[in-house]
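This report introduces a single protein chain to a reader who has not met it before. Please keep the sequence and the three-dimensional view at hand while reading.

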Amino acid sequence: MKVACFSVAAMDYFPQQNEYFAGGNSLNQTIRFKQSGHESAFVGALGTDKAGDRIEDLLRKYSVDISHMYRMEGNTACNQIIDDDNGERTGVAGAWHSGVYDTFVLHETDWQYIADFDIWATHANGPNYEQALVHKRNTNFLTVDFLHFSTYELLEKGLESVDIAYFGGVRNQLEELTAISKHYKGIIVLTLGAEGSVAVKDGVTYWQNALPVEKVVDTTGCGDAFQAGFSAEYYLTHDIEKSLAAGAALGRSAALHYGGVSWL
(Lines give C-alpha, C1' and ligand atoms only; values in the text may rest on other atoms or scores of the structure.)
Protein backbone atom coordinates (compact mmCIF):
# COMPACT_ATOMS: atom_id res chain seq x y z
CA MET A 1 0.00 0.00 0.00
CA LYS A 2 1.31 3.47 -0.93
CA VAL A 3 0.35 6.55 1.06
CA ALA A 4 0.98 10.21 0.24
CA CYS A 5 0.81 12.65 3.17
CA PHE A 6 0.68 16.39 2.49
CA SER A 7 1.67 19.02 3.46
CA VAL A 8 2.51 20.30 6.98
CA ALA A 9 5.66 19.49 8.95
CA ALA A 10 6.83 21.53 11.90
CA MET A 11 9.35 21.69 14.71
CA ASP A 12 7.68 21.80 18.13
CA TYR A 13 9.50 23.26 21.13
CA PHE A 14 8.60 21.90 24.58
CA PRO A 15 9.76 24.55 27.08
CA GLN A 16 9.08 22.33 30.11
CA GLN A 17 11.58 19.80 28.75
CA ASN A 18 13.70 22.36 26.87
CA GLU A 19 13.60 20.01 23.87
CA TYR A 20 12.50 20.09 20.24
CA PHE A 21 10.50 17.38 18.48
CA ALA A 22 9.35 17.01 14.89
CA GLY A 23 5.61 17.28 14.39
CA GLY A 24 2.80 18.37 12.11
CA ASN A 25 -0.11 16.30 10.84
CA SER A 26 1.48 15.18 7.58
CA LEU A 27 4.91 14.43 8.98
CA ASN A 28 3.43 12.49 11.90
CA GLN A 29 1.19 10.41 9.66
CA THR A 30 3.80 9.60 7.04
CA ILE A 31 6.08 8.18 9.73
CA ARG A 32 3.25 6.25 11.41
CA PHE A 33 2.26 4.69 8.09
CA LYS A 34 5.90 3.76 7.48
CA GLN A 35 6.24 2.24 10.95
CA SER A 36 3.19 0.12 10.14
CA GLY A 37 4.91 -1.37 7.11
CA HIS A 38 3.46 0.72 4.30
CA GLU A 39 5.20 2.81 1.66
CA SER A 40 4.74 6.47 2.52
CA ALA A 41 5.71 9.76 0.95
CA PHE A 42 5.88 13.19 2.57
CA VAL A 43 4.94 15.95 0.13
CA GLY A 44 5.57 19.37 1.63
CA ALA A 45 8.09 22.09 2.34
CA LEU A 46 10.79 22.56 4.94
CA GLY A 47 12.85 25.68 5.42
CA THR A 48 16.57 26.00 4.89
CA ASP A 49 17.15 26.27 8.65
CA LYS A 50 18.49 23.73 11.16
CA ALA A 51 14.96 22.58 11.96
CA GLY A 52 14.50 21.64 8.31
CA ASP A 53 17.82 19.78 8.38
CA ARG A 54 16.76 17.76 11.43
CA ILE A 55 13.35 16.88 10.02
CA GLU A 56 14.79 15.86 6.65
CA ASP A 57 17.32 13.66 8.45
CA LEU A 58 14.50 12.06 10.45
CA LEU A 59 12.47 11.30 7.32
CA ARG A 60 15.51 9.78 5.66
CA LYS A 61 16.20 7.58 8.69
CA TYR A 62 12.64 6.28 8.54
CA SER A 63 13.08 5.66 4.77
CA VAL A 64 10.13 7.88 3.92
CA ASP A 65 9.85 8.88 0.26
CA ILE A 66 10.94 12.54 0.15
CA SER A 67 11.36 12.82 -3.62
CA HIS A 68 8.65 15.51 -3.58
CA MET A 69 9.72 17.27 -0.41
CA TYR A 70 11.03 20.80 -0.94
CA ARG A 71 13.57 22.94 0.89
CA MET A 72 12.41 26.52 0.48
CA GLU A 73 14.33 29.63 1.51
CA GLY A 74 13.10 30.60 4.97
CA ASN A 75 12.12 28.95 8.23
CA THR A 76 10.40 25.64 8.89
CA ALA A 77 6.99 25.93 10.56
CA CYS A 78 7.27 25.85 14.35
CA ASN A 79 5.19 25.83 17.51
CA GLN A 80 5.49 25.59 21.30
CA ILE A 81 3.75 22.90 23.34
CA ILE A 82 2.88 22.81 27.05
CA ASP A 83 1.69 19.63 28.82
CA ASP A 84 -0.43 19.59 31.95
CA ASP A 85 -0.01 17.03 34.74
CA ASN A 86 -2.09 14.52 32.77
CA GLY A 87 -0.01 14.87 29.61
CA GLU A 88 -2.70 16.86 27.77
CA ARG A 89 -1.00 19.17 25.32
CA THR A 90 -1.78 22.84 24.68
CA GLY A 91 -0.24 25.10 22.08
CA VAL A 92 1.26 28.28 23.53
CA ALA A 93 -0.80 31.27 22.39
CA GLY A 94 0.91 33.16 19.58
CA ALA A 95 3.75 30.65 19.27
CA TRP A 96 2.73 29.11 15.94
CA HIS A 97 4.75 30.37 12.98
CA SER A 98 3.86 28.80 9.65
CA GLY A 99 7.16 29.60 7.92
CA VAL A 100 7.52 28.22 4.41
CA TYR A 101 4.52 25.91 4.90
CA ASP A 102 2.23 28.93 4.58
CA THR A 103 3.05 29.50 0.91
CA PHE A 104 3.60 25.93 -0.26
CA VAL A 105 1.17 24.44 -2.77
CA LEU A 106 1.58 21.16 -4.59
CA HIS A 107 2.76 21.52 -8.17
CA GLU A 108 1.17 19.67 -11.07
CA THR A 109 4.20 17.36 -11.06
CA ASP A 110 3.41 16.49 -7.43
CA TRP A 111 -0.19 15.62 -8.23
CA GLN A 112 1.00 13.49 -11.14
CA TYR A 113 3.50 11.70 -8.89
CA ILE A 114 0.92 10.73 -6.27
CA ALA A 115 -1.83 9.94 -8.79
CA ASP A 116 -1.32 6.19 -8.42
CA PHE A 117 -0.94 6.20 -4.62
CA ASP A 118 -3.62 4.27 -2.75
CA ILE A 119 -4.24 6.70 0.13
CA TRP A 120 -3.97 10.46 0.22
CA ALA A 121 -3.83 11.88 3.76
CA THR A 122 -4.14 15.62 4.22
CA HIS A 123 -5.72 18.33 6.38
CA ALA A 124 -8.49 20.76 5.57
CA ASN A 125 -6.88 24.01 6.73
CA GLY A 126 -4.80 24.82 3.67
CA PRO A 127 -4.96 25.39 -0.09
CA ASN A 128 -4.00 21.82 -0.93
CA TYR A 129 -7.27 20.43 0.45
CA GLU A 130 -9.47 21.94 -2.22
CA GLN A 131 -6.91 21.07 -4.89
CA ALA A 132 -7.00 17.47 -3.65
CA LEU A 133 -10.75 17.43 -4.31
CA VAL A 134 -10.02 18.53 -7.89
CA HIS A 135 -7.14 16.14 -8.56
CA LYS A 136 -8.45 13.02 -6.79
CA ARG A 137 -9.17 10.03 -9.00
CA ASN A 138 -11.58 7.21 -8.23
CA THR A 139 -8.60 5.03 -7.34
CA ASN A 140 -7.35 7.43 -4.65
CA PHE A 141 -8.70 6.97 -1.12
CA LEU A 142 -8.81 10.46 0.42
CA THR A 143 -8.60 10.93 4.19
CA VAL A 144 -8.86 14.44 5.61
CA ASP A 145 -8.18 15.83 9.07
CA PHE A 146 -10.74 18.53 9.83
CA LEU A 147 -8.96 19.23 13.10
CA HIS A 148 -11.13 20.78 15.84
CA PHE A 149 -13.49 22.51 13.42
CA SER A 150 -17.00 22.80 14.82
CA THR A 151 -18.54 23.97 11.53
CA TYR A 152 -18.76 21.73 8.52
CA GLU A 153 -18.61 23.84 5.36
CA LEU A 154 -15.32 22.29 4.26
CA LEU A 155 -16.69 18.78 4.75
CA GLU A 156 -19.78 19.72 2.75
CA LYS A 157 -17.47 20.76 -0.12
CA GLY A 158 -15.86 17.31 -0.08
CA LEU A 159 -18.88 15.06 0.42
CA GLU A 160 -18.41 13.46 -3.00
CA SER A 161 -14.63 13.03 -2.67
CA VAL A 162 -13.52 12.57 0.95
CA ASP A 163 -13.55 8.91 2.03
CA ILE A 164 -12.77 9.43 5.71
CA ALA A 165 -13.40 12.72 7.54
CA TYR A 166 -11.64 13.04 10.90
CA PHE A 167 -12.63 15.49 13.60
CA GLY A 168 -11.07 16.00 17.01
CA GLY A 169 -13.78 17.38 19.22
CA VAL A 170 -16.50 16.81 21.80
CA ARG A 171 -19.57 14.60 22.12
CA ASN A 172 -22.07 17.36 21.40
CA GLN A 173 -20.83 17.41 17.78
CA LEU A 174 -22.04 13.86 17.25
CA GLU A 175 -25.68 14.67 16.56
CA GLU A 176 -24.87 17.01 13.67
CA LEU A 177 -22.14 14.73 12.29
CA THR A 178 -24.56 11.79 12.38
CA ALA A 179 -27.08 13.81 10.37
CA ILE A 180 -24.40 14.66 7.79
CA SER A 181 -23.40 11.00 7.53
CA LYS A 182 -26.83 10.08 6.19
CA HIS A 183 -26.10 11.84 2.91
CA TYR A 184 -22.36 11.18 2.83
CA LYS A 185 -20.77 8.19 1.13
CA GLY A 186 -17.75 8.07 3.43
CA ILE A 187 -17.07 7.65 7.14
CA ILE A 188 -16.89 10.36 9.78
CA VAL A 189 -14.62 9.68 12.75
CA LEU A 190 -14.75 11.82 15.89
CA THR A 191 -11.87 11.41 18.34
CA LEU A 192 -12.57 12.37 21.95
CA GLY A 193 -9.24 11.96 23.71
CA ALA A 194 -9.63 10.05 26.97
CA GLU A 195 -13.29 9.37 26.07
CA GLY A 196 -12.26 7.26 23.09
CA SER A 197 -13.55 7.62 19.55
CA VAL A 198 -16.68 7.10 17.48
CA ALA A 199 -17.11 6.34 13.79
CA VAL A 200 -20.34 7.22 11.99
CA LYS A 201 -21.50 5.59 8.75
CA ASP A 202 -24.96 6.07 7.24
CA GLY A 203 -26.29 7.33 10.59
CA VAL A 204 -24.97 4.33 12.56
CA THR A 205 -22.40 4.90 15.31
CA TYR A 206 -19.53 2.60 16.31
CA TRP A 207 -17.74 3.30 19.60
CA GLN A 208 -14.21 2.56 20.76
CA ASN A 209 -12.95 3.15 24.28
CA ALA A 210 -9.56 4.72 24.80
CA LEU A 211 -7.04 2.01 25.61
CA PRO A 212 -5.53 2.09 29.11
CA VAL A 213 -2.18 3.80 29.55
CA GLU A 214 -0.22 3.65 32.80
CA LYS A 215 0.93 7.24 32.32
CA VAL A 216 0.21 9.59 29.45
CA VAL A 217 3.42 11.46 28.72
CA ASP A 218 2.20 13.79 25.97
CA THR A 219 -0.86 13.74 23.71
CA THR A 220 0.85 15.57 20.83
CA GLY A 221 0.37 13.53 17.66
CA CYS A 222 -2.03 11.02 19.21
CA GLY A 223 -4.80 12.01 16.82
CA ASP A 224 -2.46 11.77 13.84
CA ALA A 225 -1.32 8.31 14.91
CA PHE A 226 -4.96 7.26 15.38
CA GLN A 227 -5.78 8.43 11.87
CA ALA A 228 -2.91 6.49 10.34
CA GLY A 229 -3.98 3.32 12.14
CA PHE A 230 -7.66 3.70 11.25
CA SER A 231 -7.04 4.68 7.63
CA ALA A 232 -4.67 1.80 6.88
CA GLU A 233 -6.90 -0.81 8.50
CA TYR A 234 -10.08 0.47 6.88
CA TYR A 235 -8.50 0.67 3.44
CA LEU A 236 -7.44 -2.96 3.73
CA THR A 237 -10.48 -4.50 5.47
CA HIS A 238 -13.43 -2.04 5.39
CA ASP A 239 -14.11 -3.23 8.94
CA ILE A 240 -15.04 -0.20 11.04
CA GLU A 241 -14.64 -1.86 14.45
CA LYS A 242 -11.23 -3.30 13.59
CA SER A 243 -10.19 0.08 12.23
CA LEU A 244 -11.22 1.86 15.43
CA ALA A 245 -9.18 -0.64 17.45
CA ALA A 246 -6.16 -0.18 15.18
CA GLY A 247 -6.42 3.58 15.52
CA ALA A 248 -6.73 3.36 19.29
CA ALA A 249 -3.61 1.17 19.49
CA LEU A 250 -1.47 3.59 17.47
CA GLY A 251 -2.88 6.55 19.34
CA ARG A 252 -1.94 4.95 22.66
CA SER A 253 1.62 4.37 21.46
CA ALA A 254 1.94 8.07 20.60
CA ALA A 255 0.97 9.04 24.16
CA LEU A 256 4.02 7.30 25.62
CA HIS A 257 6.62 9.83 24.44
CA TYR A 258 7.05 13.55 23.88
CA GLY A 259 6.39 14.98 20.45
CA GLY A 260 4.39 13.81 17.47
CA VAL A 261 7.07 11.23 16.65
CA SER A 262 10.24 10.16 18.38
CA TRP A 263 13.72 11.01 17.19
CA LEU A 264 15.62 7.94 16.01
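Which residues does valine 162 touch, not counting residues up to four places away in sequence? The model considered here is predicted. In it, valine 162 touches Tyr129, Leu133, Leu142, Val144, Phe146, Tyr184, Lys185 and Gly186.

**The nonpolar cores**

Valine 162 is one of the residues with the most contacts inside the largest nonpolar core, which has 34 residues. Ile114, Trp120, Phe146, Leu155, Phe167 and Ile188 are also among those with the most contacts there. At least two residues of this core are supplied by each of strand 1, strand 4 (39-47), helix 4, strand 9, strand 10 (164-168), helix 6 (174-181), strand 11 (187-191) and strand 12 (197-201). A second core, separate from this one, has 23 residues, including Val3, Ala121, Val189 and Ala254. As general background, nonpolar side chains tend to be buried together in soluble globular proteins.

**The sheet**

The chain forms an open sheet of 9 strands in the order 5-4-1-8-9-10-11-12-13, with mixed pairing. Strand 5 and strand 13 (204-208) are its edge strands, each pairing on one side only. From one strand to the next, the twist averages 15°. Helix 8 (residues 240-254) packs on the sheet and touches strand 11, strand 12 and strand 13. The direction of helix 8 makes about 35° with that of strand 13.

Two pairings illustrate the mixed character of the sheet. Strand 1 and strand 4 run parallel and are joined by 6 bridges; cysteine 5 stands opposite phenylalanine 42 in strand 4. Strand 12 and strand 13, by contrast, pair in the antiparallel sense over 5 bridges. Lysine 201 has valine 204, in strand 13, as its bridge partner. The hairpin of strand 12 and strand 13 has 2 residues between the strands, and aspartate 202 takes a positive phi near 55° in this hairpin.

**Two helices**

Helix 1 (residues 25-35) is largely enclosed by the rest of the structure, because 9 of its 11 residues are buried. These buried residues are Asn25, Ser26, Leu27, Asn28, Gln29, Thr30, Ile31, Arg32 and Phe33. Glycine 37, whose phi is positive, near 95°, follows helix 1.

In helix 4 (residues 127-135), the buried residues are Asn128, Tyr129, Ala132, Leu133 and His135. They pack against strand 1 (2-7), helix 3 (108-113), strand 8 (119-123), strand 9 (141-145) and helix 5 (153-157).

The loop between strand 8 and helix 4 contains asparagine 125. Is asparagine 125 buried or partly exposed? Its relative accessible area is 41%, so asparagine 125 is partly exposed. Leaving aside neighbours within four places in sequence, asparagine 125 is in contact with Tyr101, Leu147 and Phe149. Its C-alpha atom is separated by 19 Å from that of phenylalanine 141, which lies 16 residues apart from asparagine 125 along the chain.

**Aromatic rings**

The structure holds 18 aromatic pairs. One of them is the edge-to-face pair of phenylalanine 6 and tryptophan 111, at 5.5 Å centre to centre and 85° between the planes. This pair links distant parts of the chain, with phenylalanine 6 in strand 1 and tryptophan 111 in helix 3, 105 residues apart. Phenylalanine 6 counts as buried because its relative accessibility is 0%, and tryptophan 111 counts as buried because its relative accessibility is 4%.

The rings of tyrosine 70 and phenylalanine 104 form a tilted pair, because their planes lie at 40°, with the centres 5.5 Å apart. Tyrosine 70 belongs to strand 5 (residues 69-72), whereas phenylalanine 104 lies in the loop between strand 7 (89-91) and helix 3, 34 residues apart. Tyrosine 70 is partly exposed, at 23% relative accessibility, while phenylalanine 104 is buried, with a relative accessible area of 3%.

One aromatic cluster is formed by Phe141, Tyr166, Phe226, Phe230, Tyr234 and Tyr235.

Rings also meet charged side chains, as the table shows.

| Charged end | Ring beneath | Distance from ring centre |
|---|---|---|
| Lysine 2 | Phenylalanine 117 | 4.5 Å |
| Arginine 54 | Tryptophan 263 | 4.0 Å |

How values were computed:
Residues are numbered from 1 along each chain as its sequence is written. This is a predicted model: local features need pLDDT of at least 70, side-chain atom pairs count only at pLDDT 80 or more; totals for chains, interfaces and linings use all residues. Side-chain values use heavy atoms; hydrogens and water are left out. Buried means under 20% relative accessible area, exposed over 50%, partly exposed in between (1.4 Å probe, protein chains only). Helices (H or I, at least four residues) and strands (E, at least two) are DSSP runs, numbered from the N terminus. Contact means heavy atoms within 4.5 Å. Rings of Phe, Tyr and Trp (its six-membered ring) pair if their centres lie within 6.5 Å; planes under 30 degrees apart count as stacked, over 60 as edge-to-face and the rest as tilted. A charge sits over a ring if NZ of Lys or CZ of Arg is within 6 Å of the ring centre and within 35 degrees of the ring normal. A nonpolar core is a set of buried Ala, Val, Leu, Ile, Met, Phe, Trp, Tyr and Cys residues joined through side-chain atoms within 4.5 Å. Two strands pair if DSSP finds at least two bridges between them. Axes are lines fitted to C-alpha atoms, for helices over the stretch in contact, and angles run from 0 to 180 degrees between N-to-C directions.
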